[in-house]
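The following exercises concern burial, helix packing and strand pairing. Each task is followed by a solution that proceeds step by step.

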Amino acid sequence: MEDVEKNLRERLTKVAQCLWDDGLVSGTAGNISARIPGTNKCIIKPSGFTMCELKPEDFIIVDIYTLSVLEGKHKPSIETPFHTTMYRIRSDVGGVVHTHSHYATVFSIAGVELIPMGMVLYFAPKLAKGVGIAKYGDPGTEQLASNIGVALETKYAALMPHHGAIAVGKDVEEAYVNAKMVEELAKLQYEVMQIGKPQPLPEETLKSFIDSKHGKV
Ligand SMILES: [Zn+2]
């Protein structure tokens with residue numbers, strides 16, 4: 001196994017455990033992947049596994065254009081279509097994380113947009129571009145993949161109606177942080193809405209976050 005691939009498998013396993021420990025996924029729900037840099041391949045979670053039981057060798061390598069399995073003994077995630085869509089349409093995306101985190105799912109069902117507010121964004125500055133809301137698509141379908149592609153044409157996270165959230169990043173660690181902060185943002189907004197109207201950060205601040213190198217503090 002090449003070093004790059006081995007390294008990615010180990011990093012995916014670590015991120016999977018973090019998602020589990022954070023409570024952002026439960027049961028066999030949620031999926032993650034990483035692009036193998038400089039190739040048309042990505043490494044993705046197998047279907048039917050909990051995030052806490054994954055071992056590096058369980059992940060599957062698929063072709064991002066044909067979706068065919070190139071390596072692996074398990075079935076790839078049923079959401080392989082939207083992971084591969086993101087790698088095809090966004091050359092800057094190196095990692096994709098999909099969760100069923102609770103508050104993000106609540107907002108996705110209500111169809112209420114997340115407001116870019118609070119210092120949550122300092123740690124996930126790309127979310128200052130806003131969190132999209134994809135059109136509804138059934139799980140595992142090309143329609144869902146296509147709807148997510150539209151919602152994430154320029155953004156780094158989106159709510160998936162009746163389902164959960166998706167976040168992308170330059171690598172799987174950044175996608176994980178974005179997914180976690182989407183949930184933090186949703187929880188914060190839910191609580192703010194109990195006592196008042198959520199206010200976005202000033203436009204200039206949001207712009208400075210987008211242009212900044214924050215996030216690694
Ligand atoms: Zn899902």
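**Exercise 1.** In this predicted model, determine whether Glu173 is buried, partly exposed or exposed.

*Solution.* Glu173 has 18 C-beta neighbours inside 10 Å. A buried residue requires 20 or more such neighbours, and an exposed one has 12 or fewer. The count lies in between, so Glu173 is classed as partly exposed. As to its setting, Glu173 belongs to helix H6, residues 172-195. Leaving aside residues up to four places away in sequence, Glu173 touches Arg11, Val15 and Gly95. Asp138, by contrast, is 35 residues from Glu173 in sequence, and the two C-alpha atoms are 27 Å apart.

**Exercise 2.** Locate Thr154 and classify its exposure.

*Solution.* Thr154 sits in the loop that links helix H5 (142-151) to strand S7 (157-160). Within 10 Å there are 9 other C-beta atoms, and Thr154 is therefore exposed. A separation of 12 Å is found between the C-alpha atoms of Thr154 and Ala128, which are 26 residues apart along the chain.

**Exercise 3.** Identify the buried residues of H5, and state how they are arranged around the axis and what they pack against.

*Solution.* The buried positions in H5 are Leu144, Ala145, Asn147 and Ile148. Because they span an arc of only 165° around the axis, they are on the same side of H5. The packing partners of these buried residues are helix H2 (80-89), S7 and strand S8 (164-169).

**Exercise 4.** Describe the crossing of H2 and H5 and the composition of their contact.

*Solution.* The two axes, those of H2 and H5, come within 8 Å and cross at roughly 35°. The handedness of this crossing is right-handed. On the H2 side, the contact involves Pro81, Phe82, Thr85 and Ile89; on the H5 side, it involves Glu142, Leu144, Ala145, Ile148 and Gly149. Sorted by class, the contact of H2 with H5 comprises six nonpolar, two polar and one charged residues.

**Exercise 5.** Establish how far strand S1 (residues 31-35) is enclosed, and by which residues each face is represented.

*Solution.* Five of the five residues of S1 are buried, so the strand is largely enclosed by the rest of the structure. One side carries Asn31, Ser33 and Arg35, and the other carries Ile32 and Ala34; both faces are covered.

**Exercise 6.** Trace the strand pairing outwards from S1, and place S1 in its sheet.

*Solution.* Begin with strand S5 (residues 95-99), which pairs with S1 in the antiparallel sense over four bridges. Within this pairing, His98 of S5 is the bridge partner of Asn31. Next, S1 is joined to strand S2 (residues 41-44) by three bridges, again in antiparallel fashion. Here Arg35 stands opposite Cys42. The hairpin of S1 and S2 has five residues between the strands, among them Gly38 with a positive phi near 75°. From S2 the pairing continues to strand S3 (residues 60-63) through four antiparallel bridges, with Cys42 opposite Val62.

The complete arrangement is an open sheet of eight strands with mixed pairing, ordered S4-S3-S2-S1-S5-S8-S7-S6. Strands S4 (69-71) and S6 (132-133) form its edges, each pairing on one side only. Finally, helix H1 (residues 3-21) packs on the sheet and touches S1, S2 and S5. The direction of H1 makes about 150° with that of S1.

Terms used
Residues numbered from 1 in each chain as written. Predicted model: local features only at pLDDT ≥ 70, side-chain atom pairs only at ≥ 80, totals over all residues. Helix = DSSP H or I, 4+ residues; strand = E, 2+ residues; numbered from the N terminus. Arc of directions from axis to C-beta. Contact = placed C-beta atoms within 7 Å. Axes fitted to C-alpha atoms, helices over the stretch in contact; angles between N-to-C directions. Left-handed = near helix turned anticlockwise from the far one by under 90°. Nonpolar A, V, L, I, M, F, W, Y, C, P; charged D, E, K, R; others polar. Pairing = 2+ DSSP bridges.
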